[in-house]
Amino acid sequence: MKKIQFKGGTMLNPVPVVLVTSKNSKGDTNVFTVAWAGTACTKPPMLTISVRPERLSYEYIKESMEFVVNLPSEQLTKKVDYCGVKSGRITDKIKDMGFTLSPGIEIDCPIIQDCPISLECKVRSITPLGSHDLFLAEIVKVHVDESLIDKSGKIHFENAKLINYCHGEYYPMTTQPIGKFGFSVQKRK
Ligand SMILES: Cc1cc2nc3c(=O)[nH]c(=O)nc-3n(C[C@H](O)[C@H](O)[C@H](O)COP(=O)(O)O)c2cc1C
C-alpha cells in the first residue's frame, strides 16, 4: 500500500450524523445537524458533541445544559442536510421540516418522533477546543422505535436505516454484518 500524506485534518470517517434538539428558557426549541459526535463512556453512559459557539443551538444548550441526540433514518437525509445549512436564527426548522416533537422524560427538551432512536442528554462539562466546544453529556434516557426490538429484547439498530456521514457525503447503512464483537477469537462449536 503506497500512501500519500496530508496535513492534520478531520479525517475520521465515517461518522454518524445526528439531529440535536434543544430548548431555551423561554421555551423556544431548535434542531441542528451534528457529525462531530461520539460515544465517550459506558458507565455512566456518556457521549460528546462538538459545537461551534456561533450556532443558535450552542446558546440553547449552554442555557439549559440539556439536549437530545436523535438518530435519523435515511428517508430523512434531505431534512438532516437542511437542518445543517439553515440556522434557527432565520427560520423555524422544526416547522419547516414538519417534525413531530414529544416531551423528554428525564429532561425538559423534546425528542423528534420521526427519528427511530433518541438519546436524552444532560451536559456534564463544556471544553473549549478552538473552532468548536466539546460538550460531554450523560445519556439519561433512550427512546427506541418498538419495531426495532425483537422478542428477546435485542435492539436491531441495523434495521433503522441509519445514515453514515463520510467526507461530506451521506451514505446508507447495510443490514448485513461483516463480523461481530469477538468473532475473530471465537472458537468453532
Ligand atoms: C452534515 C453536517 C454536519 C454538521 N456537523 C456539525 C457539528 O458537528 N458541529 C457544529 O457545530 N455544526 C455542525 N454542522 C453545522 C450546523 O448544523 C449548522 O451550522 C446549523 O445551521 C446550525 O444551526 P443553528 O444555528 O440553528 O443551531 C453540520 C452541518 C452538516 C450539514
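## Salt bridges

A salt bridge is a side-chain nitrogen of Lys or Arg within 4 Å of a carboxyl oxygen of Asp or Glu. Arg52 and Glu54 make one, with their closest N and O atoms 3.8 Å apart. This model is predicted. It holds 5 salt bridges. The general idea is simple: side chains of opposite charge can pair when their charged atoms come close. How open to the outside are the two partners here, Arg52 and Glu54? Arg52 is partly exposed, because its relative accessibility is 30% and that class runs between 20% and 50%. Glu54 is partly exposed as well, at 48%.

Another salt bridge joins the side chains of Lys23 and Asp108, at 3.0 Å from N to O. This pair ties together distant parts of the chain, 85 residues apart. Lys23 sits in strand S2, while Asp108 lies in the loop between strand S7 (101-102) and strand S8 (111-112). Is Asp108 buried or exposed? Asp108 counts as exposed, at 54% relative accessibility.

Glu106 and Lys141 also meet through their side chains, at 3.9 Å from N to O. They too link distant parts of the chain: Glu106 is in the loop between S7 and S8, Lys141 is in strand S10, and 35 residues separate them. Glu106 is partly exposed at 39%. Lys141 is partly exposed at 30%.

## The S2–S3 hairpin

Strands S2 and S3 form a hairpin, with 5 residues between them. Which way do they run relative to each other, parallel or antiparallel? They run antiparallel, and 6 bridges join them. One bridge pairs Lys23 with Thr29 of S3. Lys23 is thus named twice in this report: it pairs with Thr29 across the hairpin, and its side chain meets Asp108 in a salt bridge. In the turn, Gly27 has a positive phi of about 95 degrees.

Why is S3 described as largely enclosed by the rest of the structure? The reason is that 5 of its 6 residues are buried. Buried here means under 20% relative accessible area.

## Helix H1

Helix H1 covers residues 56-64. Its buried residues are Leu56, Ser57, Tyr58, Tyr60 and Ile61. What do these residues pack against? Their partners are strands S2 (18-23), S3 (29-34), S5 (46-51), S6 (66-71), S9 (117-128) and S10 (133-144). Both strands of the hairpin, S2 and S3, are on that list. Just after the helix, Met65 takes a positive phi of about 60 degrees.

## The ligand site

How many residues surround the ligand? There are 22, and the closest are Ser50, Ser57, Ser87, Gly88 and Lys93. Of these, Ser57 is also one of the buried residues of H1.

Polar atoms of the protein come close to the ligand at several points. An N or O atom in the side chain of Ser87 is 2.6 Å from a ligand oxygen. A backbone N or O atom of Leu56 lies 3.0 Å from a ligand oxygen. The side chain of Arg55 has an N or O atom 3.0 Å from a ligand nitrogen. On its own, the ligand has 640 Å² of accessible area, and the protein covers 90% of that.

## An exposed residue

Ile178 lies in the segment after strand S12 (169-172). Ile178 is exposed, because its relative accessible area is 86% and the cut-off for exposed is over 50%. How far is the C-alpha atom of Ile178 from that of Thr42? The two atoms are 24 Å apart, and the residues are 136 apart along the chain.

How values were computed: Residues numbered from 1 in each chain as written. Predicted model: local features only at pLDDT ≥ 70, side-chain atom pairs only at ≥ 80, totals over all residues. Heavy atoms only, no water. Buried < 20%, exposed > 50% of the residue type's maximum accessible area, 1.4 Å probe, protein only. Helix = DSSP H or I, 4+ residues; strand = E, 2+ residues; numbered from the N terminus. Contact = heavy atoms within 4.5 Å. Pairing = 2+ DSSP bridges. Near = heavy atom within 4 Å. Polar contact = N/O pair within 3.5 Å; in protein donor to acceptor, adjacent residues only side chain to side chain. Areas by Shrake-Rupley, 256 points an atom, 1.4 Å probe, with all protein chains shown as cover.
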